[in-house]
Amino acid sequence: MDDRQPIAKDRERAPVDGSGGGGHPPGMDELTRRVDRMETILDQMAPTLARIDERLKSLATKEDVAKVGERVAKVEGAVEKLPTTLHLLGFIVSVLALAGIAKFLHI
């Protein structure tokens, strides 16, 4: 499906018609065919490019990602301040111990 033709440096060139009359230069029909083919390919690519453009509109930007990173850092900081399981167990044991002491002392 590749219509490209190699460029030969030592290929003979057709002589230029010096009559000043109209007409197409040699090889123009081939060029016209190739341009028509390229236009057909570009027309076929247009819907695909439109779909890609729509998808790109919904992607996150660098700024969006940076904002999410800042929010995650804030949440991590808040989570670090929460008591650990060991802290909660210590609190429960302390409350139970105080309740036992209070019962023993009849407070």
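This report describes helix H1 in a predicted model, with its bend, its salt bridges and a nonpolar surface patch.

Helix H1 covers residues 28-57, which is 30 residues. At 1.5 Å a residue, a span of 44 Å is expected, and the C-alpha atoms at the ends lie 42 Å apart, so the two values agree. At Ala 46 the helix H1 bends by about 30 degrees. A proline, Pro 47, follows within four residues of that point.

Side chains of opposite charge can pair when their charged atoms come close. The count of salt bridges in this model comes to two. The table lists them.

| Pair | N to O distance | Place |
|---|---|---|
| Arg 33 and Glu 30 | 2.8 Å | helix H1 |
| Glu 54 and Lys 57 | 3.2 Å | helix H1 |

Arg 33 and Glu 30 are three residues apart, about one turn of the helix. Glu 54 and Lys 57 are likewise three residues apart. An α-helix has 3.6 residues a turn, so residues three or four places apart point the same way.

How accessible are these side chains? Arg 33 has a relative accessible area of 40% and is partly exposed. Glu 30, at 28%, is partly exposed, and Glu 54, at 49%, is partly exposed. Lys 57 reaches 58% and counts as exposed, because the cut-off for exposed is over 50%.

The model also has a nonpolar surface patch of about 580 Å². Leu 42, Met 45, Leu 49, Ile 52, Leu 56 and Leu 59 make this patch. Met 45 lies in helix H1 and is partly exposed, at 37% relative accessibility.

Note on methods: Residues numbered from 1 in each chain as written. Predicted model: local features only at pLDDT ≥ 70, side-chain atom pairs only at ≥ 80, totals over all residues. Heavy atoms only, no water. Helix = DSSP H or I, 4+ residues; strand = E, 2+ residues; numbered from the N terminus. Expected span 1.5 Å × (residues − 1). Bend = angle between axes of the 7 residues up to and from the residue. Patch = residues over 30% accessible without salt bridge, like charges linked within 9 Å, V, L, I, M, F, W, Y side chains within 5 Å. Areas by Shrake-Rupley, 256 points an atom, 1.4 Å probe, with all protein chains shown as cover. Salt bridge = Lys/Arg side-chain N within 4 Å of Asp/Glu carboxyl O. Buried < 20%, exposed > 50% of the residue type's maximum accessible area, 1.4 Å probe, protein only.
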